[in-house]
Every structure is written in C-alpha cells, then in structure tokens.
Amino acid sequence: MSLLAKPNDRMAAVLDQQAEACIDEIAGRSLWQDARIRLMRNKAAVVSMIILTIITLLAIFAPWLSSHPFDEVYWDFIQVAPNFSEGFWFGTDENGRDLFVRTLYGARVSLMVGLVATTVSLIIGVTYGAVAGYMGGRVDNLMMRFVDILYSLPFMFFVIILMVIFGRHIFLIFVALGAVEWLTMARIVRGQTMAIKKKEFIEAAHASGVSTTKIIFRHIVPNILGPVIVYMTLTIPQVILTESFLSFLGLGVQEPLTSWGVLISEGAKVMESAPWMLAFPATFLAVTLFCFNFIGDGLRDALDPKDR
Amino acid sequence: MSIILEVNNLNTRFDTPEGEVSAANNINFTLQKGQSLGVVGESGSGKTQIFMAIMGLLAKNGRTSGEAIFKGQNLLGLPVVELNKVRGVSLSMIFQDPMTSLNPYLKVSRQMTEVLIEHQGLDKESALERSIRMLELVGIPEARKRVHMYPHEFSGGMRQRVMIAIALLCEPDLLIADEPTTALDVTIQAQILELLHSLKEEMGMSIVMITHDLGVIAGMCDHVMVMYGGRVVETGTVHEIFNDARHPYTQGLLQSMPRIDGNHNEDLYAIPGQPPNLQALPSGCAFQPRCQYADAQCRSTQPEPAALSQHRMIACHHITVAKDLIPAMESA
Amino acid sequence: MFTYITKRLLAAIPTLLIIITIAFFMMRIAPGGPFDAERQLPPEIEANILKAYDLDKPLYQQYFIYVGNLLRFDFGPSYKFRDFSVTELILTGLPASLQIGGMAILIAALIGVSLGTLAALYQNQKTDYAIMGVAMTGIAIPNFVVAPILSLVFGVYLSWLPVAGWGDGSARNLVLPVISLALPQIAYISRLTRGSMVEVLHSNYIRTARAKGLRERLVVVRHAIKGALLPVVSYLGPAAAAVTTGSVVIESIYDIPGVGRYFVNAALNRDYPLVMGVVIFYATLIIIMNLIVDVIYSFLDPKLRVNG
C-alpha cells in the first residue's frame with residue numbers, strides 16, 4: 001500500500017487544531033453572555049437576586065419606611081406582638097422599640113459587614129494568591145505552607161479575643177472577619193493563576209516584552225474573575241453568619257446599633273413569650289443567607305457548566 | 001460467515017439546555033464475525049457516541065432509537081441487568097485515555113479479578129491466575145508481581161495494555177476500541193496496534209476501531225465507515241476507501257495524510273474550514289460549507305445514502321462528478 | 001507510615017508555638033487588667049496579687065515562664081475561679097465537650113456522606129432536589145437559631161427531651177445539642193459529597209467499570225465511593241474546627257458544662273489564663289484532628305502510600 005500504514009499524528013494534529021480553533025472562537029465570543037443566559041435560566045438564583053434587592057432597598061430606606069425611630073423607647077408598648085394599628089408591624093422588643101425598623105437597621109449592619117469584610121478578604125486573598133501563583137517555586141511553597149498553617153488555627157477564637165481586647169468596634173469586625181476569610185480565596189486564585197500562567201497567550205505576552213504587572217492585570221486577573229466572583233458570593237453569607245455568631249455571643253456591634261445576630265440573641269431569650277422577636281430577624285437572616293448561597297451556586301453552574 | 005453486529009437506523013440525541021442535539025443519525029452497518037471495522041471521523045462526528053449507545057454508556061441526557069443486534073439480541077433499550085450479561089463478557093470496550101480509565105484507588109488485581117468473579121463465578125485464586133496469564137498475553141513483564149500494583153505505578157502504554165487485558169478477560173466476540181492510541185507516544189502507539197492486531201488473529205474476535213487516524217485503519221481494518229456531522233458519508237472495504245474514495249470529505253482526509261511516495265516539498269493538504277458544530281449544523285449536506293463541489297442542491301437537501309454494492313455506500317449529490325474530478329483537485 | 005506520622009507531629013509543634021505566642025501577646029497587650037471589676041485595692045495588695053501571678057516581671061520573662069509551664073501541662077491558675085487551675089477547669093469541661101463534639105462529627109459524616117451519595121445517584125431528580133434543599137436550609141439557618149427552636153419545640157411544647165442542661169450526661173440530654181451542632185456540618189458534607197460523587201460518577205474509570213458489566217451497586221460501592229470520599233475526608237479537619245467553634249454557642253444555649261462555655265465566660269471576664277488555655281487546648285485538638293485526617297487520607301489514596 002502506498003500510504004503510510006503506520007499511525008500518523010500529523011493529520012490528527014491538523015484536525016485537532018481546527019477543532020480547537022473552533023472551540024476557542026465560540027468560547028471567546030460568548031463566555032460571559034452564555035454565563036448570563038444560564039444564570040437567568042436558573043430560577044432559584046433569579047428569585048434570590050430579586051429578594052436580595054428588596055432587602056437591600058429596605059435596609060437603605062429604613063429610616064423613611066417606618067414612623068418609628070430605631071432607638072425610640074415606647075413605654076406603653078413593651079414587647080407587644082405585631083400590631084398594625086400602631087405601626088409596629090413586627091411588634092416591639094423588651095425595651096419597647098419597634099422591631100420592624102430595628103430589623104432593617106440590623107440588615108444595614110449585616111449587609112455592610114458582609115460586603116466590607118468580603119472586600120477586605122478579596123483584596124488580601126487575591127493579592128496573596130496571585131503573587132504566590134505567579135512567582136511559583138520556593139516563594140509559592142513558603143506562602144502556601146503558611147496558608148496551610150493558618151488553616152489549622154481556630155480562627156474564631158482569635159476573633160473573639162480581638163473583640164474582647166479592643167472593644168466591639170464595627171471597623172474591627174470588618175477587618176477581623178476579612179482577615180479570617182481570605183485563605184480559601186488565596187488558594188483559588190493561586191490555582192487559577194498557575195493554570196493560566198502555563199497557557200500560551202501568557203507566554204506570547206511574555207515573549208513580546210509585556211511587563212509583569214501588565215501581564216497580571218491585563219491577562220491573569222480577567223481570567224480568574226469567574227471563580228473569584230463565585231467564591232465572593234459564597235463568602236458574603238459566611239461573613240454575615242460569623243458576624244451574627246459574634247453578636248449572638250454578645251461580642252458584635254454595640255447598642256443602640258443592632259444586627260441580626262443581636263436581635264436573634266435577644267429574641268431567643270424570650271422566644272416563649274415573644275416568638276416574633278426571634279422569628280422576624282431569624283427569617284431575614286436565613287432568607288439572606290439562602291439568597292446569597294443560591295446566587296453563588298447559580299453563578300458557579302453558569303460559569304462552569306460541566307456538571308449539567 | 002455470520003453477522004456479529006447489525007445496526008439498523010440508530011439515532012443518538014442529547015437533551016441540552018440549548019435544545020436537542022443529534023450526535024448520530026440513521027446509522028446502518030453490519031459487522032461479520034472475525035472482521036474488523038474502522039470508524040473514521042473528526043471529534044464531534046458522532047463516531048464514539050454510536051458505540052457508547054450500543055454499550056449503554058451514554059451520558060444521562062442521551063437517548064437512542066433504532067436497533068443494535070449483537071449476536072441475535074437487540075442491545076438498545078435492554079435493562080442494565082441484562083446488558084451486564086453482555087458488557088465485559090462477549091462485548092468489551094477500551095477507551096482513549098488509559099491514564100484516567102483505570103480506577104486509581106484499586107489495585108490492578110482487583111480491577112481484573114472482579115470481572116471474572118462477577119461474570120464467570122471464579123474464586124479469587126483462579127481469577128487471579130487467569131488475570132496474570134492475561135497480563136502476560138498482552139505483554140506486561142513481571143505480571144505476577146505487577147498485578148498487585150496500582151495503576152499510577154504503570155506507564156501510559158502499560159496502562160493501555162492493562163485496559164486491553166481487562167477487556168479480553170472473558171474472551172469477547174467483539175472488542176470496541178475507541179481511539180486506543182491517541183493519548184500515547186508514537187512508538188507506543190505502534191506497539192499497541194500491533195498487539196491488538198495479533199490478539200484479534202489469535203482469539204478470532206471482531207474489532208471496531210474508532211479513530212480519526214486513517215493510518216490506524218489501513219493497517220488493521222477490513223471495512224471502513226467514514227462519518228461527518230453525525231452521519232455516515234461513505235463506507236467500503238479498506239481497499240475501496242484508500243484507492244477509490246468517492247466522498248469529497250474522505251478524499252480530503254486521504255489528501256491530508258502525509259505520503260511516503262509523495263513529493264516531500266509539497267505542503268500538507270488541510271481541509272478548509274472548521275469541523276461542524278453539531279448544535280448548529282448547516283442546511284443540506286453537513287460538509288457543504290467546506291466542500292469545493294457544493295452547489296444549490298447540496299445547500300438545500302441532505303444527500304441520501306446510495307448503495308453501490310453490498311458494503312459500499314456514499315452519501316453525496318456528486319458521486320460521479322467527484323470521482324471524475326479527483327485529478328483536477330490534486331492539481332489545484 | 002510511622003515516619004509520616006512522626007513528621008506531621010513534628011510539623012505541628014511550630015504551628016502550636018505560633019498559636020501560643022499570638023494568644024499570649026494578644027492577651028498581654030490588652031487594655032484593662034483582670035482585676036478591674038473589683039473594688040479599688042490598696043497598692044500593696046495589688047502588688048502582691050501581681051507578684052503572685054508573675055505579672056510584675058518583664059513580658060518576655062512571663063512568656064517563657066508560661067511556655068515552660070505549658071510543657072508540664074500547667075496552664076496556670078484561673079483569675080476568675082481562684083480555687084481552680086486552668087488545667088482542672090479544662091479537664092472538668094472536657095468530657096461533655098468531647099462527647100457532643102465527637103458525636104456531632106461522627107453523625108455529620110455518616111448522614112452527610114449518605115445523603116450526598118444518594119443525591120448524586122439521583123442527580124437532577126426529585127430525591128436530589130429534596131436533599132439539596134434540606135442541605136441548603138442547614139447552611140442558611142445558623143445553629144444559634146436552630147438550637148433555641150429545637151429546644152422550644154422538643155423541650156417546651158412536646159416535652160420529649162430536656163430543654164437544656166447536662167444532668168448526668170445521659171443520652172436524653174445529648175440529643176438536642178448534638179443535632180444542633182451536627183446540622184450545618186451534615187449540610188456541608190452532603191453538598192461536598194454530592195459534588196465529588198457527581199464528578200467521580202462522570203469519570204472515565206467509572207465508565208470503564210460500567211463497560212466491564214459490573215452491577216451498579218459494585219460500581220458505586222467499590223469504584224466510586226473511595227474517590228468521592230477524599231474531599232470529604234480533607235474537610236473533616238475544618239469541620240472539627242467549625243464544630244469546636246459552634247460548641248461555644250451550643251454549650252451556652254443548652255447550658256452544658258463544657259470547655260466552650262468556659263471560654264465565653266472567661267473572655268467576657270478577661271480571665272486571660274483560662275482564655276489562653278482554652279484556645280491552646282482547642283488548637284491542639286484541631287491539629288490532632290487534622291493529623292488523623294491526613295492519616296486516613298493517605299490510607300485512601302494509594303499515591304500517598306508509596307513509602308508505607
């Protein structure tokens with residue numbers, strides 16, 4: 001036979017190149033659009049986004065939504081059940097303060113802690129992970145070993161000690177929680193950076209003399225955005241939960257400021273006689289955590305649809 | 001000669017969020033006992049999915065219609081319990097990537113003996129003996145010792161040999177080999193193909209060789225089935241396909257192979273355009289956007305398969321034209 | 001295997017030392033002494049007290065004295081409970097804490113893995129959605145909300161179980177705290193198991209197992225479970241940390257005389273030796289748990305077992 005009777009991979013290579021070119025073009029054109037379409041098709045995520053928007057708006061406009069100030073004590077209405085005629089839609093607490101407006105003020109604190117602390121963790125985690133992943137070698141080894149050590153620490157206890165020592169300042173909560181939650185983010189970013197660094201287009205950028213900083217910000221950062229956004233969405237509820245945990249122990253925000261954790265803690269003490277005091281803040285907290293988790297899961301499925 | 005596998009009007013579809021995707025349409029072929037069939041096509045041509053469907057290994061969103069009669073029994077739609085009396089017994093399959101196709105958490109001995117224990121009711125000792133003999137047959141040195149190792153302690157080529165040994169444990173009548181050499185080094189590729197070839201002769205089994213590499217087909221197969229865009233575009237004996245290819249796609253595949261006797265200064269021919277996207281196939285003939293003979297008819301209607309002889313089939317509006325034009329194409 | 005364990009044990013020492021150091025200096029730079037709450041003492045008495053607790057020595061000397069004492073398992077005296085040493089207090093709380101913590105992890109692992117496997121086998125079917133819905137609830141409703149509600153329903157309304165308290169540590173007293181502690185972990189573990197199981201079930205080696213004609217039960221039990229369990233096993237370390245953290249509030253809510261309850265009281269009372277003792281104790285516990293996890297992991301993954 002005149003043809004090669006031996007396997008040849010040149011044709012295979014030609015065909016594979018064509019196939020890859022095809023995939024790349026499709027992926028490059030519409031990765032983000034595809035993700036958005038898939039996300040919009042996820043009912044749980046869409047409903048969650050709507051609910052979260054409503055809660056956020058309620059929190060922002062809280063002072064104008066109720067005729068009652070959040071710290072005003074109504075001596076005639078100590079711990080009354082929800083009462084529409086007086087405008088106490090969620091009832092009042094044991095100090096006679098309106099629970100509706102307090103729950104919304106709690107939402108302000110909880111959401112803000114969630115956002116700010118997550119941003120802090122994002123900044124630390126992304127920087128740390130990107131540097132470790134980009135440098136590689138011994139630096140990377142050392143940096144990740146440090147993360148491993150931190151992983152095995154009972155962080156919560158240090159946060160508690162911090163709160164005890166330096167007082168329960170809200171700024172401290174932001175920093176402390178952010179400083180606790182960056183480890184996983186650093187790992188994710190490092191892994192992604194390492195994977196992307198090996199790709200040809202980074203090598204090409206290197207070869208054509210683009211500076212390291214520029215490579216990191218122009219090429220690597222946009223490519224690790226997906227996993228980072230997903231993990232961020234899942235960190236926010238984590239942080240909110242942790243803040244509530246601290247507040248529940250009496251180590252969170254201070255009076256007259258309040259958060260869902262504080263309200264739940266107060267409600268839990270009197271749940272037999274005044275169940276509404278537990279029910280409303282607990283529902284708000286649970287619904288918010290639900291929503292963030294659903295959105296996080298939805299985003300992950302949308303950006304990485306291999307599971308379907 | 002008796003027919004070992006007869007596939008009639010087989011269709012494979014996948015439900016995706018973007019709608020239904022057809023991976024294989026209206027597939028018909030027969031395979032005689034002891035013969036081997038080469039199935040050629042680019043990735044995404046549906047060649048693998050046909051045999052995944054026959055083996056009952058389609059992904060959960062996949063559905064199949066038609067029939068695949070293996071030794072007188074239609075395998076499609078068979079309950080898993082019944083299918084398991086065939087899979088691994090008289091019908092085996094080996095896969096493309098030996099690195100991931102073996103269970104990394106179980107010793108090779110376990111992965112081999114379990115087949116014999118399950119299907120032939122052997123006890124552990126005799127199953128182990130049979131396994132060791134099979135490993136020796138596929139050319140694993142020190143089989144008695146290595147059978148107790150984990151897959152990661154084997155090289156890629158050795159792992160594919162282990163895969164073959166597992167597939168052959170129950171001496172199947174038909175072995176489906178899905179790109180068995182693609183993931184391996186070139187020298188190892190040749191060894192594995194040689195092994196398959198000699199095992200086929202020795203055990204008198206039939207082989208289906210799924211590949212995108214016509215070179216593999218030339219050395220191994222009696223018949224060839226060329227696929228494009230989820231359809232069979234041409235079938236024939238290996239001789240007919242290599243010497244008298246009629247479909248423009250088959251011709252393109254042949255031309256893009258490097259030739260020993262050809263002019264070495266010539267550039268390697270590449271079929272223009274890109275492999276089809278099964279989710280958005282072009283109208284009419286799937287190959288039409290890349291075909292130099294395409295005309296209005298090609299763009300509007302799907303060519304019906306035309307049988308030239310019992311084994312020879314071509315699906316092209318330009319069968320005669322195409323044959324005449326081969327010299328013209330080569331000079332172009 | 002023995003060398004591996006020894007190596008890991010040696011690696012744990014610097015980790016522990018870091019924890020001790022951080023805890024010690026954090027406590028000592030804290031404003032406000034341990035005796036602030038008491039009446040103004042005459043200067044000479046105060047000096048005597050400081051001397052009795054070695055607080056008059058320079059900081060670095062205090063540090064070395066403390067570390068030296070730790071080597072003899074002497075955590076020093078408690079400032080608050082004057083008649084007890086910290087070691088005694090921890091030992092008093094240990095049985096209760098270990099019981100509920102250990103049982104919670106065990107139950108969480110068993111139920112979580114079972115539910116997760118079930119969900120993966122019925123991926124995208126009703127069983128899957130039901131299990132994952134429950135798991136999401138477990139994640140979104142924090143245990144400091146679940147615990148009071150469970151206590152209200154099963155303790156107060158139904159009177160099936162004690163509302164709170166330890167009694168003599170009988171099973172009846174254990175049920176609610178263990179469930180409250182285990183629920184979030186059941187949720188995490190079942191989600192984790194589902195994810196890794198789905199991935200394994202789509203893997204090439206499972207396809208091979210099916211192609212071999214093995215019964216589905218064998219495919220899952222023999223071929224899939226091991227690989228799917230690896231991520232779950234590595235999560236047991238963090239799970240232990242989460243359970244210890246959670247035990248702090250659960251022990252407070254159910255009034256269980258464990259180590260966690262001491263911790264909150266000690267932190268609020270600035271009882272430094274007790275706080276530090278508990279943190280170091282917990283850290284050791286978590287490090288040991290991580291060690292056990294590593295050993296289990298190396299048994300499951302043959303690639304790590306090469307040097308036996």
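1. Let's start with the bigger picture in chain B. You'll find an open sheet of 8 strands there, and its pairing is mixed. Going across, the order reads S6-S7-S8-S3-S9-S10-S12-S11. At the edges sit strand S6 (91–94) and strand S11 (306–307) of chain B, and each of them pairs on one side only. Keep in mind as you look around that this is a predicted model.

2. Now zoom in on one pair from that sheet. Strand S10 (residues 231–237) of chain B and strand S12 (residues 313–314) of chain B run antiparallel, joined by 2 bridges. If you want a spot to click on, try B:Glu234, which stands opposite B:Ile314 in S12(B).

3. Chain B also has an open sheet of 4 strands, in the order S2-S1-S4-S5, and here the pairing is antiparallel. Strand S2 (19–32) and strand S5 (73–74) of chain B each have a single partner strand, so one side of each is left without a neighbour in the sheet. A bit of background helps here: strands of a sheet pair through backbone hydrogen bonds, either parallel or antiparallel.

4. Let's walk through that sheet pair by pair. Strand S1 (residues 3–16) of chain B is paired with S2(B) in the antiparallel sense, over 10 bridges. Along the way, B:Leu10 stands opposite B:Ile27 in S2(B). S1(B) is also joined to S4(B) by 8 bridges, and these two run antiparallel as well. There, B:Thr12 has B:Thr64 in S4(B) as its bridge partner.

5. What joins S4(B) to S5(B)? The answer is 2 bridges, with the strands running antiparallel. B:Ile69 stands opposite B:Asn74 in S5(B). The two strands make a hairpin with 2 residues between them, and in this hairpin B:Lys71 takes a positive phi near 50°.

6. Don't skip the helix on this sheet. Helix H1 (residues 47–55) of chain B lies across S1, S2 and strand S4 (62–70) of chain B. Its direction is at about 105° to S1(B).

7. Next, domains. The domain assignment of chain B gives domain 1 (3–90 + 172–314) and domain 2 (100–169), so to speak of domain 1 is to speak of two stretches of sequence. The C-alpha centres of the two domains of chain B lie 29 Å apart. Their contact takes 12 residues from domain 1 of chain B and 11 residues from domain 2 of chain B. On the domain 1 side, helix H8 (residues 186–203) of chain B gives the most, with 5 residues. That side divides into 10 nonpolar, 2 polar and no charged residues.

8. How do H7(B) and H8(B) cross? The axes of helix H7 (residues 156–168) of chain B and H8(B) come within 10 Å and cross at roughly 15°. That angle makes H7(B) roughly parallel to H8(B). The crossing of H7(B) and H8(B) is right-handed. From H7(B), the contact is made by B:Gly156, B:Gly157, B:Gln160, B:Arg161, B:Ile164 and B:Leu168. H8(B) brings B:Ile188, B:Gln191, B:Ile192, B:Leu195 and B:Leu199. By class, that contact has 6 nonpolar, 4 polar and 1 charged residues.

9. Time to look between chains. Chain B has 22 residues in contact with 19 residues of chain C. On the chain B side, the elements that give two or more residues are helix H3 (98–101) and helix H4 (108–120) of chain B. H4(B) provides the largest share of that side, 4 residues. The side of chain B that touches chain C divides into 11 nonpolar, 7 polar and 4 charged residues.

10. Chain C itself is worth a look. Its secondary structure comes to 11 helices and 0 strands. Along its principal axes, the C-alpha trace of chain C spans about 85 × 55 × 30 Å.

11. Finally, see where chain C meets chain A. This contact takes 32 residues from chain C and 27 residues from chain A. Several helices of chain C give two or more residues to it, including helix H1 (2–28), helix H9 (216–253) and helix H11 (272–300) of chain C. Which helix gives the most to the side of chain C that touches chain A? That is H11(C), with 7 residues. By class, this side of chain C has 26 nonpolar, 5 polar and 1 charged residues.

Technical notes: Residues are numbered from 1 along each chain as its sequence is written. Chains are lettered from A and ligands numbered from 1 in the order in which they are written. This is a predicted model: local features need pLDDT of at least 70, side-chain atom pairs count only at pLDDT 80 or more; totals for chains, interfaces and linings use all residues. Two residues are in contact if their C-beta atoms, placed from the backbone, lie within 7 Å. Ala, Val, Leu, Ile, Met, Phe, Trp, Tyr, Cys and Pro count as nonpolar, Asp, Glu, Lys and Arg as charged, and the others, Gly among them, as polar. Domain bounds come from an automatic or database domain assignment. Two strands pair if DSSP finds at least two bridges between them. Axes are lines fitted to C-alpha atoms, for helices over the stretch in contact, and angles run from 0 to 180 degrees between N-to-C directions. Angles under 35 degrees count as roughly parallel, over 145 as roughly antiparallel, 65 to 115 as roughly perpendicular and the rest as oblique. A crossing is left-handed if the near helix is turned anticlockwise from the far one by less than a right angle, and right-handed if clockwise.
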